[in-house]
Amino acid sequence: MKRFTRVTIKMLCLGIIGATSSLSMAQTKENEKLIPFGDFNSWMVRIIDESFVIGGNTKTLYEVAPLDTIIGDKPYISSTVSPWRTSNVMAKVSGITKCSISVFPEKRDYGYCVRVETLMEKCKVLGIVNITVLVPGTIYLGQMHEPIKDTKNPQSKLNAGIPFTETPKAVVFDYKMETPGTDHRIKATGFSKIVNVPGRDSAEVYIILQKRWEDEKGNVYAKRIGTAIERLSENTPDWKNDHRLNVLYGDPANQPGSKSYMQLIPKEQSLYCINSKGKSVPVEEIGWGDTNDKPTHLFLRVSSSYGEAYIGTVGNKLWVDNVRLAY
């Protein structure tokens with residue numbers, strides 16, 4: 001009875017609101033459609049007790065989904081209604097349950113927004129496991145394969161993207177940013193030595209449209225149809241509302257707004273999906289789409305750090321709200 005009382009009090013203090021979003025894109029302003037649950041006013045709460053050998057703390061994980069409370073170390077793949085998943089995950093390594101929390105709901109005006117934050121997660125049990133991992137806070141469209149059992153090949157833990165056949169002109173959202181502004185990053189993968197990485201960290205908003213297909217062996221390939229990527233590295237204490245990020249179709253090279261990091265995804269860093277055989281496989285990008293190609297999938301990711309997994313600057317924080325597509 002005490003646990004249910006604690007959960008009830010926590011939800012009342014948080015003041016989480018239930019929303020009525022659906023998988024059909026809700027119309028907002030003229031020629032704009034809100035991505036379902038992209039107003040971040042609806043959150044699911046997961047209450048998980050970590051293993052006794054690492055302290056047995058009770059952790060609260062948040063997901064962008066219909067209002068609900070899940071108690072216990074039950075794997076969570078995704079909502080059947082909301083297309084969003086977060087980097088808040090439950091891991092089980094050597095029989096030890098550990099939670100990682102880097103995405104949070106935060107009050108904004110009369111509703112809520114989402115905060116993603118780069119943090120260090122530590123798990124130490126003498127003689128069993130000693131892990132220190134840098135975790136960028138991330139929300140994305142897709143699914144997560146829980147529980148996480150290791151830090152190898154992080155992209156394979158995701159089912160990245162959702163079915164999507166439209167061709168929006170831009171992604172529009174509200175944001176603000178907080179960063180330490182240091183000129184070095186940290187790489188901490190869990191089992192290897194922590195090292196410094198040169199260069200300033202940036203938050204990143206990453207959107208790609210792909211045309212995917214599968215061969216008879218279950219391999220999945222894709223053409224890149226559209227690209228919209230922005231890196232944010234400056235402190236922005238006040239909200240920037242209605243920020244517009246244009247989608248570039250075809251090869252973005254030599255197009256206005258093109259950036260060097262808009263190239264095709266290298267094979268070794270491919271996104272993963274579930275093929276028709278139910279197997280997790282890489283999505284190999286093999287070229288750019290042309291004017292006759294239409295997308296089959298949309299992948300959108302908002303992260304407090306950019307680039308490879310487990311690299312970033314602790315203290316990077318990005319707030320985002322009202323994510324929608326403009327046509």
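**Figure 1. Ring pairs join Tyr-140, Tyr-206 and Phe-299 into a cluster.** Welcome to the first close-up of this predicted model. Let us look at two members of the cluster, Tyr-206 and Phe-299, which are both buried. A third side chain also joins this view: the charged end of Arg-301 sits over the ring of Tyr-206, at 4.3 Å from its centre. A similar kind of arrangement can be found elsewhere, where Arg-231 lies over the face of Tyr-261, 3.9 Å from the ring centre.

**Figure 2. Phe-40 and Trp-84 are a tilted aromatic pair.** How many aromatic pairs does a search of the whole structure find? There are 5 aromatic pairs. In the one shown here, the ring centres of Phe-40 and Trp-84 are 5.5 Å apart and the planes meet at 55 degrees, so the pair is called tilted. Where do the two residues lie? Phe-40 is in the loop between strand E2 (32-34) and E3, while Trp-84 belongs to strand E6 (residues 84-86), so the pair ties together parts that are 44 residues apart in sequence. Are these two rings buried or exposed? Phe-40 has a relative accessible area of 0%, so Phe-40 is buried. Trp-84 also counts as buried, because its relative accessibility is 0%.

For another aromatic pair, turn back to Tyr-206 and Phe-299, which are edge-to-face: their centres are 6.2 Å apart, with 70 degrees between the planes. This pair links distant parts of the chain, with Tyr-206 in strand E20 (residues 203-214) and Phe-299 in strand E26 (residues 297-303), 93 residues apart.

**Figure 3. Strand E16 pairs with strand E22 and with strand E28.** A little background helps with this view. The strands of a sheet pair through hydrogen bonds of the backbone, and the pairing can be parallel or antiparallel. In which sense does E16 pair with E22 (residues 236-246)? The pairing is antiparallel and runs over 6 bridges. To find your way along it, look for Phe-173, which stands opposite His-243 in E22. E16 also pairs with E28 (residues 317-326), again in the antiparallel sense, over 8 bridges. Here Lys-176 is a handy landmark, as Lys-176 stands opposite Trp-319 in E28. E16 itself (residues 170-178) is mostly covered, with 8 of its 9 residues buried.

**Figure 4. Three strands, in the order E4-E3-E5, form an open sheet.** The pairing in this sheet is mixed. Which strands are at the edges? They are strand E4 (58-64) and strand E5 (68-71), each of which pairs on one side only. From one strand to the next, the twist averages 20 degrees. Strand E3 (residues 43-49) and E5 run parallel and are joined by 4 bridges. As a guide to this pairing, find Val-45, whose bridge partner in E5 is Thr-69.

**Figure 5. Thr-132 and Thr-189 touch, although they are 57 residues apart along the chain.** Their C-alpha atoms are separated by 7.1 Å. Thr-132 is found in strand E12 (residues 129-135), and Thr-189 in strand E18 (residues 189-190). Are the two threonines buried or exposed? The cut-off for buried is under 20% relative accessible area. Thr-132, with a relative accessible area of 16%, is therefore buried. Thr-189 has a value of 17%, so Thr-189 is buried as well.

Who else do they meet? Leaving aside residues up to four places away in sequence, Thr-132 touches Met-120, Glu-121, Lys-122, Ala-188, Thr-189, Gly-190 and Ile-194. With the neighbours within four places in sequence set aside, Thr-189 is in contact with Thr-132, Val-133, Thr-151 and Tyr-310.

**Figure 6. The whole protein has 1 helix and 28 strands.** After the close-ups, this view sets the scene for the full chain. Of the 327 residues of the protein, 52% count as buried. Among the contacts with a separation of 6 or more, 69% come from residues 24 or more positions apart. What supplies the exposed area? The protein exposes about 15,400 Å², and carbon and sulfur atoms supply 53% of it.

Methods: Residues are numbered from 1 along each chain as its sequence is written. This is a predicted model: local features need pLDDT of at least 70, side-chain atom pairs count only at pLDDT 80 or more; totals for chains, interfaces and linings use all residues. Side-chain values use heavy atoms; hydrogens and water are left out. Buried means under 20% relative accessible area, exposed over 50%, partly exposed in between (1.4 Å probe, protein chains only). Contact means heavy atoms within 4.5 Å. Accessible areas come from the Shrake-Rupley method with a 1.4 Å probe; for residues, only the protein chains shown count as cover. Two strands pair if DSSP finds at least two bridges between them. Axes are lines fitted to C-alpha atoms, for helices over the stretch in contact, and angles run from 0 to 180 degrees between N-to-C directions. Rings of Phe, Tyr and Trp (its six-membered ring) pair if their centres lie within 6.5 Å; planes under 30 degrees apart count as stacked, over 60 as edge-to-face and the rest as tilted. A charge sits over a ring if NZ of Lys or CZ of Arg is within 6 Å of the ring centre and within 35 degrees of the ring normal.
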